[in-house]
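Here is a short briefing for a reader new to this structure. Look over the sequence and the model first, then go through the points by topic.

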Amino acid sequence: MNRAPAPEEVEELLGDPGDPGNPYGFAAAVARDEADAPPDELCRTLVSAGFHLNYLPREWGGAFDTFDRGLTLVRAAARRDVNVMPGTMFSIIAATCLQLHGSERQRERVARILTGGGSVGFALTEAAHGSDLLAGEVRLDGDGRLHGEKWMVGNGLRCDALYVVARTGERGPGAFSAYLLDPGADGLVREPAPRTGGMRGVDTARVRFDGTPVPEDALVGKAGEGLEVAVLAQQAVRLMSMAGSLGCADTALRLTLDFAAGRKVAGTPLVEAPHSRRELAVASAALLAADAVALAAARGVHVVPEAFSVWAPAAKHVVAEACEELVRRCAAVLATRSVLREGAPGAGLFQKLQRDTAVVRVIDASPLANLRSYAAQIPTLAGRQEQPDPNVLERLFDLGAGLPPYEPTRLDLVVRGADPVLTGLRAIAGPVRAQLADPRAGALVRRVSDAVASLGAEAASARRRGADPNALADVAERYAWLHAAAACVHLWWANRHRPLYGGEPGDSGWLTAVLSFLLARAAGTDPRRHGPDLLPALDTTDALRRGNRLMTALPVPLAPVTSRPYDPMETS
């Protein structure tokens, strides 16, 4: 049976990223970035180990297990260079589409390509319309020929097959169909897409159709369902894009903590100086919050996939925005060294992380498009009161509990019931407060519970303020941060007997920090105002750094440090 490596095996395979001579390390990643070169050698090594099988279903010859396992596995590789994700996983959205509505023959074809290390391009967006998918102009004419151009097609230059969503009707979501094409077809022209500031060297293409003939058997599923299936598939893609954000954030924070621990100002280590300590505490709380939210979502898609038309974009928003804030806070601590490109063997890494984080933030949807994708559902969803089955919540958040198989056919375009994360908070908020030894943590849980209870009224008010075009998007953003805070409370409660984030069982320091951070973001205020409550997060991440473990709820041992540490902050 095919298998994907465990995160620890990826670490062992790729070695110490701080070794300047390691072809899979940070220095090599910076050199590729400067040259706009793809990580081909790194990707080949990972593919030879079966890394690319982690998202492919077993019936296709893949080794997919659960999304939470995949999230940690991808982070282990992405912390070295996030470009391994497009290099090995860009086909995930096309593969998910084929799972949802491909024929047996089409699935067999794609399975052969992907298990063999090939790729399938996904052609959806167009330069003139961006996230306005209903305005797409690439069209299949009456003679069965395609006309128009798609852009930012992942793996578009190298792909072995191409999944294309094209207009076959006049208006509405049902005016689009999907086709699986040979990229060498007549009239199909592939050219490099505009270069991006981050994730340099990644294969993205413009694909132009100049009367490209489309065989009848190229239709995927039924005519008119192409756009709907593409939107459903993006829910899974948002889950895995979070691994890229977290990989960049882990390296950025680890690098900054290394610098702050060794740098002294007026005889005091920078990590102990009040201002930098506060900035690092915000960054640390942001990372722990993003990790907890991503982990909850990666488990939730197995248990309640019907909720993911809202849960996936809400989690994506929180993770992307929290990681962007983390990088910004780290830059404040690094100061001049955050902009150095020369003067040391490793100069340039932090700038690469900044640029890569910015690209991952928008890779499957801009922040505004992401919020708008579910904003219309918030008034109805926030007003629902149905209580979820406590056993469902326990299974969802208990990190030791097994998960049911992932069923992509259960994904939906709208949430038909309540958000179990929010409505389930009501039942546990009291017991959680009773078990928390720290009164600060208990007060924060009460604030989260009260804020969640007021969401329905806020959403109803936003709907009534029809003249304010931003009202619903603002509520959708607040919903995302409060959903994240509720998920963190559930995570602590279901695992209070486990040593999360390397602490003692039941320790609530990390919970205090992440709830302070998330409540501040939900209120639109600066998290630094809650500095003392955030400090336990810094203690947590610094202990994980010193212990050489991945900064996640169930820490993973990282590759042993085998040489003089790579120090991008050193100057000659």
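Leu13 touches Tyr24, Thr45 and Ala49, leaving out residues up to four places away in sequence. The model is predicted. The points below start at Leu13, then move to the annotated domains, the nonpolar cores, a surface patch and a few single residues.

**Around Leu13**
- Leu13 sits in helix 1, which covers residues 7-14.
- Is Leu13 buried or exposed? Neither label fits: Leu13 is partly exposed, with a relative accessible area of 38%.
- One of its contacts is Ala49. Leu13 and Ala49 are 36 residues apart in sequence, and their C-alpha atoms are 8.6 Å apart in space.

**Annotated domains**
- UniProt, in an unreviewed entry, lists residues 31-110 as "domain: Acyl-CoA dehydrogenase/oxidase N-terminal".
- In the model, residues 31-110 are 61% helix and 0% strand. The end C-alpha atoms of this span lie 33 Å apart.
- The UniProt annotation "domain: Acyl-CoA oxidase/dehydrogenase middle", also from an unreviewed entry, covers residues 121-210.
- Residues 121-210 are 0% helix and 44% strand. Here the end C-alpha atoms are 18 Å apart.

**Nonpolar cores**
- In soluble globular proteins, nonpolar side chains tend to be buried together.
- How many residues does the largest nonpolar core have? The count is 178.
- Tyr163, Trp311, Leu326, Trp510 and Phe517 have the most contacts inside this core.
- Helix 8, residues 226-262, gives the largest share of this core, with 20 residues.
- Another core lies apart from it and has 17 residues. Its members include Ala123, Leu146, Cys159 and Ala166.
- Which residues does Phe517 contact, leaving aside neighbours within four places in sequence? They are Val282, Ala285, Ala286, Ala289, Ala322, Glu325, Trp481, Pro527 and Leu534.

**A nonpolar patch on the surface**
- Val231, Leu413 and Val414 make a nonpolar surface patch of about 180 Å².
- Where is Leu413 found? Leu413 lies in the loop between helix 14 (390-397) and helix 15 (420-423).
- Leu413 is partly exposed, with a relative accessible area of 35%. Patch residues need over 30% relative accessible area, so Leu413 meets that cut-off.

**Positive phi outside glycine**
- Met199 is not a glycine, yet its phi is positive, at about 50°.
- Met199 is found in the loop between strand 6 (188-192) and strand 7 (204-213).
- Met199 is buried, because its relative accessible area is 4% and buried means under 20%.
- Asn548 is not a glycine either, and has a positive phi of about 55°.
- Asn548 is found in the segment after helix 20 (531-546).
- Asn548 counts as partly exposed, at 23% relative accessibility.

**Leu368 and Phe64**
- Leu368 is in helix 12, residues 367-375.
- Leu368 is partly exposed, with a relative accessible area of 39%.
- Leu368 and Phe64 are 304 residues apart along the chain. Their C-alpha atoms are separated by 31 Å.

Terms used. Residues are numbered from 1 along each chain as its sequence is written. This is a predicted model: local features need pLDDT of at least 70, side-chain atom pairs count only at pLDDT 80 or more; totals for chains, interfaces and linings use all residues. Side-chain values use heavy atoms; hydrogens and water are left out. UniProt positions are given in the numbering used here, feature names are shortened, and annotations may be inferred rather than shown by experiment. Helices (H or I, at least four residues) and strands (E, at least two) are DSSP runs, numbered from the N terminus. Patches are made of residues with over 30% relative accessible area and no salt bridge: like charges are joined within 9 Å, nonpolar side chains (Val, Leu, Ile, Met, Phe, Trp, Tyr) within 5 Å. Accessible areas come from the Shrake-Rupley method with a 1.4 Å probe; for residues, only the protein chains shown count as cover. A salt bridge is a side-chain nitrogen of Lys or Arg within 4 Å of a carboxyl oxygen of Asp or Glu. Buried means under 20% relative accessible area, exposed over 50%, partly exposed in between (1.4 Å probe, protein chains only). A nonpolar core is a set of buried Ala, Val, Leu, Ile, Met, Phe, Trp, Tyr and Cys residues joined through side-chain atoms within 4.5 Å. Contact means heavy atoms within 4.5 Å.
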